[in-house]
Amino acid sequence: MSMFDRIKDQAKGLQQSRGGSRSGSQGPGSTGSGGGGSKAQLVSMFKTQLSSMKTELKSGAYRDASMAVCALVAAADGHVHPAERERMESMIVSNDVLQNFPPEQLRQRFTKHLDRLTVDFQQGKAEALQEIAKAKKKPAEARAVIQTGFVIAGADGHIDPAEQQVIREACTALGLSPSEFGI
C-alpha cells in the first residue's frame, strides 16, 4: 500500500509541477515540442519506479499484460513496420524489469498480439485489452503495466497522440485514471 501511495504522490507532484494534465500546453520551461520535455521526465520517473519494483514484478499477469500494451503501442497508428517491430522487440528484451522473464516468452507474446493487431486492428485491440485487464487484481502491477507501456512508447523520444490513446484505453481496462500518468 505504501508503494502505491508513494507512486500516486509522485505522479500528483509531477502533474502539479507541469500545471495540470494538458500534455500539449506550452507553459514556461516547456521545450516547445508539445510538452515533450515533461513526457521525458515521466518516462524517466516510470523507469525508476519500475526498477524499484523489479523483484515484485514476476507474475505471468504482469508479463502478459505488458506485452499486450507494448503491442498496442507498436500498432497504435495502424501500421507496424518491420523495422519498428524489431526496434520494439529489442527494447522489450533489453528492458531492465522485463529481464525477469525469458526473452522468448516476451517475444512470443508480443508477436502474437502484434500479428492479431496487424490482421484486424479492432479485434486485436479488444483481445489485447482483455489480456491487460487480467492484471487489474493487483494495483501495483496494474500501474507497472501502464508504466512499461509508457517507457516503451517514450523510448524514441516522444509519445504520439495515437500511443497516448491506446495507453488511455489500457488505463480504463485496468480501472486506473489516465490523468495519474499525465495523459
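Select D156 to begin: this residue lies in the loop between helix 7 and helix 8. The model is a predicted one, and every stop on this tour should be read in that light. D156 is partly exposed, with a relative accessible area of 34%. Add R87 to the selection; the two residues are 69 positions apart in sequence, yet 9.7 Å separates D156 from R87 in space, C-alpha to C-alpha.

**The helices on either side of the loop**

Next, colour helix 7 (residues 139–153) and helix 8 (residues 161–174), whose axes come within 10 Å of each other. How do the two helices run relative to one another, roughly parallel or roughly antiparallel? Their axes cross at roughly 175 degrees. Because angles over 145 degrees count as roughly antiparallel, helix 7 is roughly antiparallel to helix 8.

Now display the side chains along this contact. On the helix 7 side, select A142, V145, I146, G149, F150 and A153. Opposite them, in helix 8, select E163, I167, A170, C171 and L174. Sorted by character, the residues of this contact comprise nine nonpolar, one polar and one charged.

**The whole chain**

Widen the view to the entire protein. It contains eight helices and zero strands, and the order along the sequence reads α-α-α-α-α-α-α-α. The chain has 183 residues, of which 47% are buried. The accessible surface amounts to about 8,700 Å², and carbon and sulfur atoms account for 52% of that area. If contacts are restricted to residues at least 6 apart in sequence, 75% of them join residues at least 24 apart.

**Salt bridges**

Turn now to the charged side chains. Side chains of opposite charge can pair when their charged atoms come close. The count for this protein is 12 salt bridges, and several merit a separate selection.

Select E89 and R107, whose side chains form a salt bridge at 3.2 Å, N to O. This pair links distant parts of the chain, since E89 belongs to helix 4 (residues 82–94) and R107 to helix 5 (residues 103–119), 18 residues apart. Is E89 buried or exposed? With a relative accessibility of 18%, E89 counts as buried, because the cut-off for that class is under 20%. Its partner R107, at 28%, counts as partly exposed.

Move on to E131 and K134, which meet in a salt bridge at 3.7 Å, N to O. Here E131 is buried, its relative accessible area being 12%.

Then select E141 together with K138; their side chains form a salt bridge at 3.8 Å, N to O. E141 counts as buried at 7% relative accessibility, whereas K138 counts as partly exposed at 48%. Which residues are joined into one network by salt bridges that share partners? Select R63, D64 and R109 to display that network.

**Two stops in helix 2**

Finally, select helix 2 (residues 36–52) and locate S51 within it. S51 counts as partly exposed, at 35% relative accessibility. Which residues does S51 touch, leaving aside those up to four places away in sequence? They are D96 and V97. Between S51 and V97 the sequence separation is 46 residues, while the C-alpha atoms are 6.0 Å apart.

K47 is also found in helix 2. Its relative accessible area is 47%, so K47 is partly exposed. To finish, select A144 along with K47: the two residues are 97 apart along the chain, and their C-alpha atoms are separated by 9.7 Å.

Notes: Residues are numbered from 1 along each chain as its sequence is written. This is a predicted model: local features need pLDDT of at least 70, side-chain atom pairs count only at pLDDT 80 or more; totals for chains, interfaces and linings use all residues. Side-chain values use heavy atoms; hydrogens and water are left out. Helices (H or I, at least four residues) and strands (E, at least two) are DSSP runs, numbered from the N terminus. Buried means under 20% relative accessible area, exposed over 50%, partly exposed in between (1.4 Å probe, protein chains only). Contact means heavy atoms within 4.5 Å. Accessible areas come from the Shrake-Rupley method with a 1.4 Å probe; for residues, only the protein chains shown count as cover. A salt bridge is a side-chain nitrogen of Lys or Arg within 4 Å of a carboxyl oxygen of Asp or Glu. Axes are lines fitted to C-alpha atoms, for helices over the stretch in contact, and angles run from 0 to 180 degrees between N-to-C directions. Angles under 35 degrees count as roughly parallel, over 145 as roughly antiparallel, 65 to 115 as roughly perpendicular and the rest as oblique. Ala, Val, Leu, Ile, Met, Phe, Trp, Tyr, Cys and Pro count as nonpolar, Asp, Glu, Lys and Arg as charged, and the others, Gly among them, as polar.
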